[in-house]
Amino acid sequence: MRLVILEDYDLASEWAAKYIRNCIIQFRPGPQKYFTLGLPTGSTPLGCYKKLIEYHKSGDISFKYVKTFNMDEYVGLPRDHPESYHSYMWNNFFKHIDIDPANAHILNGNAVNLQAECEAFEKSIAEAGGIELFVGGIGPDGHIAFNEPGSSLVSRTRVKTLAKDTIVANARFFGNDLSKVPTMALTVGVGTVMDAKEVLILITGAHKAFALYKAIEEGVNHMWTVSAFQQHPRTIFVCDEDATLELRVKTVKYFKGLMHVHNRLVDPVHSMKNYKN
Amino acid sequence: MCFCRVSRTAVCLCTAAPGDPCKCNSEQVCRGFQGTMPSNRSVSEAPITQFVNCRILKDHRLQREDLWVREGKILNPEKLFFDEEGFADTQVDCQDRIIAPGFIDVQINGGYGIDFSQATDDVKGGVALVAKKILAHGVTSFCPTLVTSPAHIYHKVLPEISVHDGGIEGAGVVGVHLEGPFISLEKKGAHPEQYLRSFQNGGTRDLLDTYGHLDNVGIVTLAPELPNSREVIRELVQRGITVSLGHSVANLSQAEEAVQEGATFITHLFNAMLPFHHRDPGIVGLLTSDRVPPRRTVYYGMIADGIHTNPAALRIAHRAHPAGLVLVTDAITAMGLPPGRHTLGQQVIEIDGLNAYVAGTKTLSGSIATMDMCVRHFRQASGCTVESALEAASLHPAQLLGLSHQKGTLDYGTDADFVLLDDALNVRSTYIAGEQVWEK
């Protein structure tokens, strides 16, 4: 794995955004060749989305030939509810860029047949040629997407019941009324993300430090599902200093020492202005 | 059955089972019938316009958001994106301007030489001329106002004015405002004394005798201290007509009773009513009265032309009851015309700068300020936010008339009547039903 450590949240967000930008531009997407991107929600990726929007507005990147697949969505929450992940993606990303609406895939938590919805989603990913780059985050309990502790490390897209911790943590978005928080969600499986050619996990903040430690310094364990990525050939963890607080000094020093190598991935940062599509 | 992204219909024409390839297009996968099909989803071929690089007045705040319009209404872009997988056909760069709902003037007596209270041969043409001219002031809907007149004038003029939508020809008429003749003698202002009337035949009878019929009437201003006024107010409210108190010497009790019967507006606050007195605030006291029925708002018109109301008085009213403030022009024939003598109803008035007097007196007879001037003056005099100033000219009049589900806001599904303004609140362009109808 690559462990890229930046000083603070803003720098980590920017590094990740530059990396994603370079991945897309260097892929040279076109009408016959779409770049498939897996996307997360939550507070961690907000800075990264803002940066990507900035790059789009300055004309350096277009999402016209990008297909996106979101990780998850609540079950039973109206699609236009302000806390649904559809609303999140619209407000924080889609409405600011030029992606074709038909290429923005988000699981439908109101489908009559949830199982069929999940299977159809897996099929869409396969038909799109698989995911080039899956961007994700990590929960305080080490979960990726809604793959709560105990989820199979080879799981596929399915319905999950949320852990009590997650429901309580989410209550703040629902007026602190536990009865209003969704209890189930549709989520891509650990296996689904593992199928991606490349995985980028964004981890910022001290409250995520223990999960990061469990994910990369302990063994592969279904109680900390992000640890599955130790077995993925191309994973990058992008984090800020605070997220490294539970790691060994030796680990941190090693990877900080590699920053000059890591930075070659984002420097130079490419622009679509230079390429005639 | 599936939701087909190719045919873009709710129920696919093919008979594929969920999960199988959709037979419309074998590249698509049948996503399964989506039970919660949004019933108001409309797949329309009509062109969609996206106004970008602007700040829009939404949820009482200026927000940096795009404005989407289709078929004359404000469109919800999120629904468009997810339900229809649609996008804009045209983008309009607003050059960082402010987009506000179109202004609504509920008290305007004429302008550009036209006097709505005169029974000319071409009443329709007169209304249309003013309607066209006021687009430049950001007004997209208005209430042509008739001052106290003899019955034959109403009988001749009213049938010629109808409620209709605005467009490239001019602002829309949302109802006629009948200011008088059932008003107080002492507070007649510029209204002709000889045509004042009372409810001597019981009330409703007097209304119909005087006005003829009430078909296109939006507002009636009357003095509630007149005997039998309560029955009249009830009758008008029942017919969906807004009742306004004005040109009156009513005390606070009388005013409160009128509000309880259904009156919801005060015509040009402070003018043509008893002044505020600390032991009997009169009509002005309605702004802070505790006898207003719950969930009812009493609105009040203010002529913010810098002349009809001292800025300090404007501030007192605004601070006491900001949600009820409705900017009106009370513009007269001479608005838009050069200085000199002009007619208003059955009287002659004289223009002197921004002042308009009853000829030979110092009685104000209406203003010649335009709506956008009023918005700017109100903002500057009261120190209120840009949002408050704009809402006083759009949202509040719409709420007063019970039209806020259609006009006065930029909410999804409402009429796309709006104005583009610069930061100094000068009107740069006006749109009705999504079409540009005026540009500076």
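Student: What makes the charged end of B:Lys362 count as sitting over the ring of B:Tyr357?
Tutor: The rule asks for NZ of Lys or CZ of Arg within 6 Å of the ring centre and within 35 degrees of the ring normal. The charged end of B:Lys362 is 4.2 Å from the centre of the B:Tyr357 ring, so the distance limit of 6 Å is met. By the way, this is a predicted model, where local features need pLDDT of at least 70 and side-chain atom pairs count only at pLDDT 80 or more, while totals for chains, interfaces and linings use all residues. Residues are numbered from 1 along each chain as its sequence is written, chains are lettered from A and ligands numbered from 1 in the order in which they are written, and side-chain values use heavy atoms, without hydrogens and water.

Student: Which ring does the charged end of A:Lys67 sit over?
Tutor: That's A:Tyr34, with the charged end 4.8 Å from the ring's centre.

Student: Why is the pair of A:Tyr34 and A:Tyr65 called edge-to-face?
Tutor: Rings of Phe, Tyr and Trp (its six-membered ring) pair if their centres lie within 6.5 Å, with planes under 30 degrees apart stacked, over 60 edge-to-face and the rest tilted. Here the centres are 5.8 Å apart and the planes at 75°, so both limits are met. A:Tyr34 sits in the loop between helix H1 (9-27) and strand E2 (35-39) of chain A, and A:Tyr65 in the loop between H2 and strand E3 (66-70), so the pair ties together parts 31 residues apart in sequence. Those elements are DSSP runs numbered from the N terminus (helices H or I, at least four residues; strands E, at least two).

Student: How do you know whether A:Tyr34 is buried, exposed or partly exposed?
Tutor: Buried means under 20% relative accessible area, exposed over 50%, and partly exposed in between (1.4 Å probe, protein chains only). A:Tyr34 has 25%, so A:Tyr34 is partly exposed.

Student: And what makes B:Phe81 and B:Phe82 an edge-to-face pair?
Tutor: Their ring centres are 5.1 Å apart and their planes at 85°, so the pair earns that name.

Student: Are those two rings buried or exposed?
Tutor: B:Phe81 has a relative accessibility of 5% and B:Phe82 has 13%, so each counts as buried.

Student: Which residues form one aromatic cluster?
Tutor: B:Phe81 and B:Phe82 belong to it, along with A:Tyr49, A:Phe63, A:Tyr88, A:Trp90, A:Phe93 and A:Phe94. Over all chains, the count comes to 26 aromatic pairs.
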